[in-house]
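This briefing goes through one protein chain by topic. The points run from a surface residue to the overall form, the nonpolar cores and a buried side chain.

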Amino acid sequence: MERPVRVRFAPSPTGPLHIGGVRTALYNYLFARRHGGTMILRIEDTDSQRFVPGAEEYILESLKWCGIEIDEGVGVGGPHAPYRQSERRDIYLKYAKQLVESGWAYYAFDTAEELDALRKEYEARGETFAYNYSIREKLPTSLSLSKEEVAARIARGDQWVIRFKMPENEIVEMDDLIRGHVEVNTSTLDDKVLYKSADALPTYHLANIVDDRLMEVSHVIRGEEWLPLHYLLYRAFGWTDLQPRFAHLPLLLKPTGGGKLSKRDGDKMGFPVFPLFWKSPTGETARGYREDGYFPEAFINMLALLGWNPGTEQEIFSMQELIDNFSLERVSKSGARFQPDKAKWFNAQYMHHKSDAELAALYQPILREVSDELAGRAAGIMKERATFITDLWDLTSFFFVAPTQYDEKQAKKYWKGDNPAMLRELREVLAGIDDFSLENTERIVHGWIEQKGYSLGQVMNTLRLALVGAGKGPGMYDVTSFIGKEETLRRIDNLLRNLKPGE
């Protein structure tokens, strides 16, 4: 019988959540929902030296903004609580000692200073220091000391760590759902620390494996590459039959050059690498997609396609469509290059497909005293030219505020010759229209232009100068129907009165 799908997102609260971490959470969420499974949020805060106040709250708010729902874990609770590793600290020592007793781990008493001196000795000889099979029995460890000496050191309060005893020259065979079959020789690996007496906390490796086992995780979808050690830990504990299936995700790469996408890349090229604005306890700040004006659904859509290919030409996906189409088989093995312009493109697509009512709710707070109906109409007319809600004021301000200055280039081009007289004629035509709807005004004005033999472009661009003050904006009848007859005539009078025609 197949195990129920249970996945977890397990970030460390060491700062703002990188968009690579959000993508990891998203892929876990899509996989869980696709298979009717459970999405767990676990906070891995065992590294007390790197803990940053506010980071956990940032993680929770980011996931909420993105629409990634947590079924079990921090902020929700569940049958395997607590879900913060710092609150589970009493659990791990038992498992670390179990590995020592079974011969898979050992106590090490060397200090940081001693190890640093040893590294320098190796460097002086032009060699690379590795804490592994070649040296572990030459150092003060339970492999080289008597049981009595080990017990005495522990009893008198000497600091110690428990290290994994990596087998020598053994091929570890692993099967990854994304990367396929992988083989690693253990002689290339060092003996990782699993537990530290100094803070009575496990390291990531031990806590991660123990918690995944106790929380009955069925699939581990993550970015880290500690695969050989974790495979061996399952074997050491005798949990091979209950080992989750692993899927290691590709990196998010810089827009240009090589390497992992970083905050520095965003700062340099002018885009965020975090979902929300972040301010650290020391006052350092970082931009966020939310505060930069991105819609969460556009952000998620963009992120989903950075490393996953649906196998079709479709690019716009709702969350439900992502769930219905997602599979780990279509996740790339190679890194995905981040494209800032593509992120903007996604946001523009979502902007263009929003209803006037949706846009009104987002735009109205910027306009303040303008009604929802007018805000929605203005946004609806100009949304095809906008990428962000914040673009709308520049695109629609003339709907609400009459021009007081006129674009010099447009004025020089159109406010000359017969155009002022032609605009006076047009004013009288407009003044005589009772039904000022877009369709009726267009019919009457176009009939007049045809009758007089005027150039449509000359008339419309001169009218645009009067109503907008610049060579931008939608069709003129969109503007006249929006601002109404009285305001249309007033703006024409302002131009006729205040701007001297050129030669």
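**Briefing on the predicted model**

Ile 366 has a relative accessibility of 42%, so the residue counts as partly exposed; the cut-offs for that class are 20% and 50%. The model is predicted. Its chain contains 19 helices and 15 strands. With a radius of gyration of 33 Å, well over the 23 Å that the globule rule gives for 503 residues, the chain is more spread out than a compact globule.

**Surface patch**

- Ile 366 sits in helix H12, which covers residues 356-367.
- Together with Trp 393 and Val 401, Ile 366 makes a nonpolar surface patch of about 260 Å².

**Overall form and surface**

- Taken along the principal axes, the box filled by the C-alpha atoms is roughly 110 × 55 × 35 Å.
- The exposed area of the chain is about 24,600 Å², and carbon and sulfur atoms supply 48% of that area.
- Of the 503 residues in the chain, 50% are buried.
- Among contacts with a separation of 6 or more, 70% are between residues 24 or more positions apart.

**Nonpolar cores**

- The largest nonpolar core has 94 residues, and the members that touch the most others in it are Ile 68 and Phe 299.
- Helix H1, residues 19-34, gives this core its largest share, which is nine residues.
- A second core, separate from that one, has 48 residues, including Ala 298, Phe 399, Val 479 and Phe 482.
- Leaving out residues up to four places away in sequence, Ile 68 touches Val 22, Ala 25, Leu 26, Tyr 29, Met 39, Leu 63 and Ile 300.
- Of these partners, Val 22, Ala 25, Leu 26 and Tyr 29 fall within the residue range 19-34 of helix H1.

**A buried glutamine**

- Gln 410 belongs to helix H15, residues 408-414.
- The relative accessible area of Gln 410 is 15%, so the residue is buried, the limit being under 20%.
- Apart from residues up to four places away in sequence, Gln 410 touches Trp 415, Leu 465, Ala 470 and Gly 471.

**Two residues side by side**

- Ile 366, in helix H12, is partly exposed at 42%, whereas Gln 410, in helix H15, is buried at 15%.

Definitions and conventions:
Residues are numbered from 1 along each chain as its sequence is written. This is a predicted model: local features need pLDDT of at least 70, side-chain atom pairs count only at pLDDT 80 or more; totals for chains, interfaces and linings use all residues. Side-chain values use heavy atoms; hydrogens and water are left out. Patches are made of residues with over 30% relative accessible area and no salt bridge: like charges are joined within 9 Å, nonpolar side chains (Val, Leu, Ile, Met, Phe, Trp, Tyr) within 5 Å. Accessible areas come from the Shrake-Rupley method with a 1.4 Å probe; for residues, only the protein chains shown count as cover. A salt bridge is a side-chain nitrogen of Lys or Arg within 4 Å of a carboxyl oxygen of Asp or Glu. Helices (H or I, at least four residues) and strands (E, at least two) are DSSP runs, numbered from the N terminus. Buried means under 20% relative accessible area, exposed over 50%, partly exposed in between (1.4 Å probe, protein chains only). The radius of gyration is taken over C-alpha atoms; the globule rule is 2.2 Å times the number of residues to the power 0.38. Contact means heavy atoms within 4.5 Å. A nonpolar core is a set of buried Ala, Val, Leu, Ile, Met, Phe, Trp, Tyr and Cys residues joined through side-chain atoms within 4.5 Å.
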